[in-house]
Amino acid sequence: MSAALPSRRHFLALSAVAAAAAACGRATASSSGGAETRKLRYQGVVGQVTLPELAEDLGYLGDVKLEWVGNTISGPQDIQSAATGQTDFGGAFNGAVVKLIAAGAPVKAVISYYGVDAGLFNGYYVLEDSPIRSARDLIGKKVAMNTLGAHGEAVLDTYLQRNGFAPGELGKVERIVLPPVNTEQALRQKQVEVAVLGGILRDKAVAAGGIRPLLSDFDLLGAFSAGTYVLTNRFLKANPTTSKTFVTGVAKAVEWARTTPREEVVARSVEIVRKRGRNEDTSTLQYWRSFGVAEPGGRLSDRTFQIWIDWLTTHGDLKQGQVKAADLYTNEFNGYGS
C-alpha cells in the first residue's frame, strides 16, 4: 500500500473543506458587525478535560463562556469544523493544520495545546519475540495507527527517512487504520506487526507485558509541541478582545497544569467531568501526566510547523515553498508573558 496515496486523498478532502470554509468566511464577514461574541462553540473529548475547559473552570476566561456542541472524532475533523463555522475553534496535529491552511482554509493557529515529553509520548510497539529490530525490518509489515496523514504517520515517515529510506520507499511499510482501543489486541493477535500506542492504552499494554518499543516520538524528536488550536481569520478580525481572552486564558491553563502538583490537576479534572454531567468514565484521568506543551504559554514559532512542512513536502502533499511557517500562526492574541 502506498503511504502517500491515502494522504493525497485526504489532502483533496481538505481542499474541499477549505473551499467551503473560504465561502463561509466571505459570507459571514460581509454581515458581521456589532458587539463581540462572548461565547465560543467547541467540541470536547469523552472522559477528558481540554485546556479550554480547564481554563474556564479556573476562571481564566472571564466572561467568555464555552458552549459544548458535541465530541470530536479526530483532530482533522475538529479543525475542519472550525474552518467551516460549525464551531469557533478546533485543535489538531500541526501537520493537519498545515495541510488545511495550504488547501486554502482561512484559519490561523493561535496556541499549542498538546505535545510530547518524557511522560506523554506515542510508542511504536512490537511483540517481545518479534524479529523487527530496525527500520529496514519494517518493509512489508503492517503498522496500526488511528488515522493516516497525521501524527502517527508523520513520525513513522520521519523515522524511516532518518534511517535511510528514500521518499519512494516509504510505501513499502503498510499503514493500517484502527481505533486506538483495538490496536493492542490486533498486535497481540498478530493481525499487525507494529502498534502505535499512547496514553492510558500504552500504559496498560506495557503493564500487561509481552511487547517492547521499537521507537517513540519522544526518542526520535525530543520534547516538542505537536498540536495547535485554530480560529478563522474572520473570527479573529471580528472578535479580537474575545480571541485574546480565550488564547491568553488557555496559555494560563497550560502554565497552571505545568506548575501544579499532578494529583491536584487530576482531582480538578475529575471534578470538571463530574460537574458537566455527561455520564462519562473518569478512570482514565488517573493516568494523566501532562499536556506536553513545550513552550511557555503555548506560544508558537516557525519551528512549531517547519518539521511538518518538510515532511509534507517530502510526502508529496505540498510543493516546495508552497507555504511558509510564519504565515500559519500568530501570537498576537497570546498575552501570557508579554
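**Entry 1. Lysine 190**

I started at lysine 190, which counts as exposed at 59% relative accessibility. The cut-off I needed here is 50%, since exposed means over 50% relative accessible area. I note at the outset that the model is predicted. I placed lysine 190 in the loop between α6 (180-188) and β8 (194-198). Next I looked up its backbone. Its phi is positive, about 60 degrees, although lysine 190 is not a glycine. I wrote that down because most residues other than glycine have a negative phi. Lysine 190 comes just after α6, and that took me to the helix.

**Entry 2. Helix α6**

Which residues of α6 are buried? I found Thr183, Ala186 and Leu187. Viewed down the axis of α6, these buried residues stay within an arc of 95 degrees, so they line one face of the helix. I also recalled the general rule: an α-helix has 3.6 residues a turn, so residues three or four places apart point the same way. Then I asked what covers the buried residues of α6. The cover includes the strands β5, β6 (142-145), β8 and β9 (211-216).

**Entry 3. The whole protein**

I stepped back for an overview. I count 12 helices and 10 strands in the protein. Of its 338 residues, 52% are buried. I then took the contacts between residues at least 6 apart in sequence. Of these, 81% join residues at least 24 apart.

**Entry 4. Helix α5**

I turned to α5 (residues 151-162) and checked its length. Its 12 residues should span 16 Å at 1.5 Å a residue, and the end C-alpha atoms are indeed 16 Å apart. Is α5 enclosed or open? Here 10 of the 12 residues are buried, so α5 is largely enclosed by the rest of the structure. The buried residues include His151, Glu153 and Asp157, along with Val155, Leu156 and Leu160. Just after α5 I found glycine 164, with a positive phi of about 95 degrees.

**Entry 5. Helix α11**

I gave α11 (262-276) the same check. It has 15 residues and reaches 22 Å from its first C-alpha to its last, close to the 21 Å expected. Its buried residues are Val265, Val266, Ser269, Val270, Ile272, Val273 and Arg276. Why do I put them on the same side of α11? They cover an arc of only 160 degrees around the axis, which puts them there. They pack against α2 (51-57) and α10 (240-259). I then looked at the face turned away from this buried side. That face carries the exposed residues Glu263, Arg274 and Lys275. Glycine 277 follows α11, and its phi is positive, near 60 degrees.

**Entry 6. Asparagine 279**

A little further along I stopped at asparagine 279. It lies in the loop between α11 and α12 (302-315). Its phi is near 55 degrees, a positive value in a residue other than glycine. Is asparagine 279 buried or exposed? I record it as exposed, at 81% relative accessibility.

**Entry 7. The second largest pocket**

I looked up the second largest pocket, which holds about 220 Å³ of space. Its lining consists of Tyr42, Glu53, Glu56, Asp57, Leu66, Trp68, Ile272, Lys275, Arg276 and Arg278. Which elements each supply at least two residues of this lining? They are α2, β2 (65-71) and α11. I sorted the lining by type: four residues are nonpolar, six are charged, and none are polar. Two of the lining residues, Ile272 and Arg276, were already on my list of buried residues of α11. Lys275 also lines the pocket, and I had noted it among the exposed residues of α11.

**Entry 8. Isoleucine 309**

I moved on to helix α12, where I found isoleucine 309. At 5% relative accessibility, isoleucine 309 counts as buried. Setting aside neighbours within four places in sequence, I listed its contacts: Val98, Leu318, Val323, Lys324, Ala325 and Leu328. One of these contacts is Ala325. Alanine 325 is 16 residues from isoleucine 309 along the chain, and their C-alpha atoms are separated by 7.6 Å.

**Entry 9. Alanine 118**

My last stop was alanine 118, in the loop between β4 (107-116) and β5 (122-127). Alanine 118 is exposed, with a relative accessible area of 55%. How far apart are the C-alpha atoms of alanine 118 and serine 290? I found 9.6 Å, with their positions 172 residues apart along the chain.

Key:
Residues numbered from 1 in each chain as written. Predicted model: local features only at pLDDT ≥ 70, side-chain atom pairs only at ≥ 80, totals over all residues. Heavy atoms only, no water. 1 Å grid on protein atoms, 1.4 Å probe; cavity = no way out; pocket = protein on both sides within 12 Å on 5 of 7 lines; lining within 4 Å. Points joined across faces, edges and corners; volume = space filled by probe spheres on them. Helix = DSSP H or I, 4+ residues; strand = E, 2+ residues; numbered from the N terminus. Nonpolar A, V, L, I, M, F, W, Y, C, P; charged D, E, K, R; others polar. Expected span 1.5 Å × (residues − 1). Buried < 20%, exposed > 50% of the residue type's maximum accessible area, 1.4 Å probe, protein only. Arc of directions from axis to C-beta. Contact = heavy atoms within 4.5 Å.
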